Amino acid sequence: MVKLAVVGLGKMGLSHFAIINAHPLVEVVAVCDATGYLLDVLGKYTGVPTFADYDKMLDAVELDAVVIATPSKMHAKMVRTALERGLHVFCEKPFCLDSEEGAELMRIAAERKLVNQVGYHNRFVGAFQEVKRLLDAGAIGRVTHVLAEAYGPVVLRPKGSTWRTQRAEGGGCLYDYAAHPINLVNWYFGQPSSVGGSVLNPVFSADTDDEVFGTLYFDDGKTAQLSVNWSDESFRKMTTKITIWGTAGRIYADRQECQVFLRDTATIPDGYKEGWNVRYTTELTEPVWFYIRGEEYSAQLDHFARSVEERAAANENSFGDAVMTDRVISMIIADAQDGTRTSAQAAAAAAAAATPRRSKWRGLLSGAR
Amino acid sequence: MTMDRLLFGDNQFFGVNHMSEEKARAQAMRFQDTQAIVDVLDIAYDEGIRTFMCTTHDRIAAICDHMRMHPSRYADYRFYPCMPYAHKYANAVTEFGMLGALKRFMPDGGLIDAAMRGGMSLARKDVEGITTLLVDAEMKMFEGLNTPVIFLQNVVVDLLLGLGFKDAFRIFANHVRDKYQAEPGFITMNMPRLLDMLEEVGIDNPIVCSNINKIGFRMCGGFEAYARALENRRFRAVAMSVFASGAIPPKEAIQWVAEQPNIESIVFGASSRGNIQNTRELVDRFMPARQVETAVAG
């Protein structure tokens with residue numbers, strides 16, 4: 001049995017607690033949160049030992065692993081403490097607000113051979129896994145462009161204040177929403193070499209962004225466009241989608257389905273045909289032992305529990321994977337602050353500078369008139 | 001209290017489609033006028049499907065108004081409310097935090113404030129009080145209408161189940177029986193495990209709605225465990241997702257469900273006359289009334 005504690009009992013923490021508490025390999029031996037009334041209720045009604053202080057909990061309870069789902073700003077310190085005590089760690093996303101700190105935690109975890117995972121649950125969605133299989137098989141040829149999107153109805157009016165509404169605390173659309181499509185792009189294509197045209201706009205929020213747009217550039221010339229908005233009420237709930245163009249076809253995927261168009265030049269994978277192919281969640285999803293809100297949330301915790309049980313050296317969604325996403329997030333913040341743009345004036349100046357090269361067309365143009 | 005064999009669901013009206021986002025959006029567009037929903041409910045009603053098992057989505061209030069305005073047309077109409085509409089709460093928690101969200105949905109935020117001031121400690125009766133007030137807030141839109149079964153939605157049921165928060169099921173069941181003279185129902189994606197917990201807290205012969213389909217889609221605990229539960233456990237089974245979001249052809253799907261023991265009702269969603277009629281005919285053919293009556297009597 002894996003003895004585990006859940007730290008931070010917000011929306012994600014409660015959900016993780018409920019899911020992993022039902023896991024046959026796991027015993028939740030403690031929960032920790034700063035909110036007294038919540039601990040009180042959980043302690044009384046579920047019987048789980050509760051702690052208001054993280055360090056006291058670590059001193060008092062014998063543990064194999066922790067699930068950390070506190071506000072993002074607190075991740076780094078808590079993860080470090082857990083690793084130093086030799087505990088396996090599952091941490092919510094985004095991993096660390098300072099990616100250098102994240103990289104160090106990654107090294108500590110590797111050194112101590114501890115299982116380290118971050119909650120980018122989309123990597124456990126059947127349709128997104130199918131995309132990975134198709135890309136690895138080279139199904140759509142050389143990829144030239146990616147559109148990575150996420151939309152949902154979180155901040156719809158100018159009020160409300162929690163840590164999620166403060167950029168300094170790791171809140172906002174970039175950390176909360178955009179991290180997911182960025183992480184998918186990292187999973188499929190690795191780390192971009194640079195970013196450009198980044199926009200971090202508030203729509204209703206006073207202290208953070210509600211819209212995120214920008215371009216990610218890869219060394220091989222491939223680009224990815226990011227389009228994310230958490231103030232979009234036309235979506236019933238968060239919807240993440242990815243579209244990938246290649247020389248031999250196109251892939252579109254969201255949580256429900258994977259639509260693939262393969263040209264006659266494509267290397268057709270098993271079970272696929274030239275032209276349109278659609279795979280639905282019903283055929284792409286593996287059953288889970290317990291379900292609350294989507295198989296992916298159960299599957300990622302199952303993966304963590306099994307990795308701990310087997311002392312697996314490599315696991316999906318490692319700290320290393322998450323640090324890559326944290327780095328892209330930092331690049332986007334820096335790029336948005338830098339805000340280099342091209343004005344009409346600059347365009348005219350550039351055109352003027354290029355005039356000698358255009359002169360040979362002049363005769364042709366006047367002749368056409 | 002018996003339940004009809006066919007219950008009408010509401011996913012199709014609110015842009016919930018487990019297969020396709022595009023289809024979900026097209027449905028959301030089609031059904032943004034309340035009249036479009038009423039038209040489909042009328043088609044179902046004229047086919048003899050007079051139970052609407054619906055989420056306590058804000059828009060259901062307008063449907064309730066329509067039913068109240070035409071009492072003679074819908075004299076024997078029944079609502080099976082399913083509460084709460086979870087995304088409403090989840091989005092509010094992201095925006096306002098856990099306590100902030102709770103306060104927003106309580107008819108009187110004062111209770112939470114009082115509890116917070118009282119040394120951050122919620123006594124046992126406060127949890128009961130909050131639960132029952134939240135139920136009452138969700139039930140408000142159904143005032144004066146027939147609600148013989150009141151369901152707790154699967155996200156909440158399965159969260160409580162995972163946490164081991166057993167007493168919440170008892171609190172919900174008691175309140176629904178006492179205040180609304182209704183049968184409590186529980187929607188779950190983990191039926192065998194839920195049956196154990198409901199039995200533990202003494203909820204006898206509960207109405208439990210879960211996915212039951214030929215391909216085992218979202219039947220957590222496994223196909224075999226579901227089959228054993230249907231065979232051996234004492235509960236009133238309502239089958240949902242019998243077509244597994246369209247992955248199973250209708251005839252094959254209904255025929256298979258009809259072969260399973262002790263299924264009292266099927267809840268299904270459809271938006272065309274053709275699909276409603278077709279489902280109705282398949283159920284008439286493969287699940288003749290006698291079999292169902294026996295199950296209820298048993």
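**Exercise 1. Two loop residues with positive phi**

Task: In this predicted model, decide whether K113(A) is buried or exposed, then do the same for N317(A).

Solution:
- Step 1. Count the neighbours of K113(A): there are 12 C-beta neighbours inside 10 Å. The cut-off for exposed is 12 or fewer, so K113(A) counts as exposed.
- Step 2. Place K113(A) in the chain. You'll find K113(A) in the loop between α5 and β6 of chain A.
- Step 3. Check the backbone. K113(A) isn't a glycine, yet its phi is positive, at about 55°.
- Step 4. Now turn to N317(A), which has 26 other C-beta atoms within 10 Å. Buried begins at 20 or more, so N317(A) is buried.
- Step 5. N317(A) sits in the loop between α9 and α10 of chain A. Its phi is positive too, at about 60°, although N317(A) is not a glycine.

**Exercise 2. Cis peptide bonds**

Task: Find which residues a cis peptide bond joins in chain A and in chain B.

Solution:
- Step 1. In chain A, look at K93(A) and P94(A): the peptide bond between them is cis, with omega about -10°.
- Step 2. P94(A) belongs to the loop that links β5 to α5 (99-111) of chain A.
- Step 3. In chain B, the cis bond runs between M83(B) and P84(B), and omega is about -10°.
- Step 4. P84(B) is part of the loop between β3 (78-83) and α4 of chain B.

**Exercise 3. The sheet of chain A**

Task: Work out in what order the 6 strands of the open sheet in chain A are arranged, and which strands are at the edge.

Solution:
- Step 1. Read across the sheet: the order is β3-β2-β1-β4-β5-β6 (chain A), with parallel pairing.
- Step 2. Check the ends. β3 (50-51) and β6 (116-118) of chain A each pair on one side only, and these are the edge strands.
- Step 3. Zoom in on β6(A). Strand β5 (residues 88-91) of chain A pairs with β6(A) in the parallel sense, over 3 bridges. C91(A) has V118(A) in β6(A) as its bridge partner.
- Step 4. Add the helix. α9(A) lies across β1 (2-7), β2 (26-32), β4 (65-68), β5 and β6 of chain A. Its angle to β1(A) is about 135°.

**Exercise 4. Where the domains of chain A meet**

Task: Say which elements give two or more residues to the side of domain 1 of chain A that touches domain 2 of chain A.

Solution:
- Step 1. Set the bounds: domain 1 of chain A covers 2-121 + 295-328, and domain 2 covers 123-285. Their centres, taken over C-alpha atoms, are 25 Å apart.
- Step 2. Count the contacts. 19 residues of domain 1 of chain A touch 17 residues of domain 2 of chain A.
- Step 3. Name the elements on the domain 1 side: they are α9 (295-310) and α10 (319-338) of chain A. α10(A) supplies the largest share, 5 residues.
- Step 4. Sort that side of domain 1 by class, and you get 7 nonpolar, 5 polar and 7 charged residues.

**Exercise 5. Strand β6 of chain B and its neighbours**

Task: Starting from β6(B), find how many of its residues are buried, then trace its partners.

Solution:
- Step 1. Get the overall picture. Chain B has 13 helices and 8 strands, and 44% of its 298 residues are buried.
- Step 2. Strand β6 (residues 207-211) of chain B is mostly covered, with 5 of its 5 residues buried.
- Step 3. Take one partner: strand β5 (residues 183-188) of chain B runs parallel to β6(B), over 4 bridges. T188(B) faces S210(B) in β6(B). With helix α9 (residues 191-200) of chain B, β5(B) and β6(B) make a right-handed β-α-β unit.
- Step 4. Take another partner: β6(B) and strand β7 (residues 236-240) of chain B are parallel and joined by 5 bridges. S210(B) stands opposite A239(B) in β7(B). From β6(B), the chain passes through helix α10 (residues 223-232) of chain B to reach β7(B), again a β-α-β crossover that is right-handed.

**Exercise 6. The contact between the chains**

Task: Find which element gives the most to the side of chain B that touches chain A.

Solution:
- Step 1. Count both sides: 39 residues come from chain B and 37 residues from chain A.
- Step 2. List the elements of chain B that give two or more residues: α4 (86-105), α5 (110-117), α6 (124-139) and α7 (154-163).
- Step 3. Pick the top one. α4(B) gives the most, with 10 residues.
- Step 4. Split the chain B side by class: 19 nonpolar, 14 polar and 6 charged.

Terms used
Residues are numbered from 1 along each chain as its sequence is written. Chains are lettered from A and ligands numbered from 1 in the order in which they are written. This is a predicted model: local features need pLDDT of at least 70, side-chain atom pairs count only at pLDDT 80 or more; totals for chains, interfaces and linings use all residues. Domain bounds come from an automatic or database domain assignment. Two residues are in contact if their C-beta atoms, placed from the backbone, lie within 7 Å. Ala, Val, Leu, Ile, Met, Phe, Trp, Tyr, Cys and Pro count as nonpolar, Asp, Glu, Lys and Arg as charged, and the others, Gly among them, as polar. Two strands pair if DSSP finds at least two bridges between them. A crossover is right-handed if, with the strands pointing away from the viewer, the path from the first strand over the helix to the second runs clockwise. Axes are lines fitted to C-alpha atoms, for helices over the stretch in contact, and angles run from 0 to 180 degrees between N-to-C directions.
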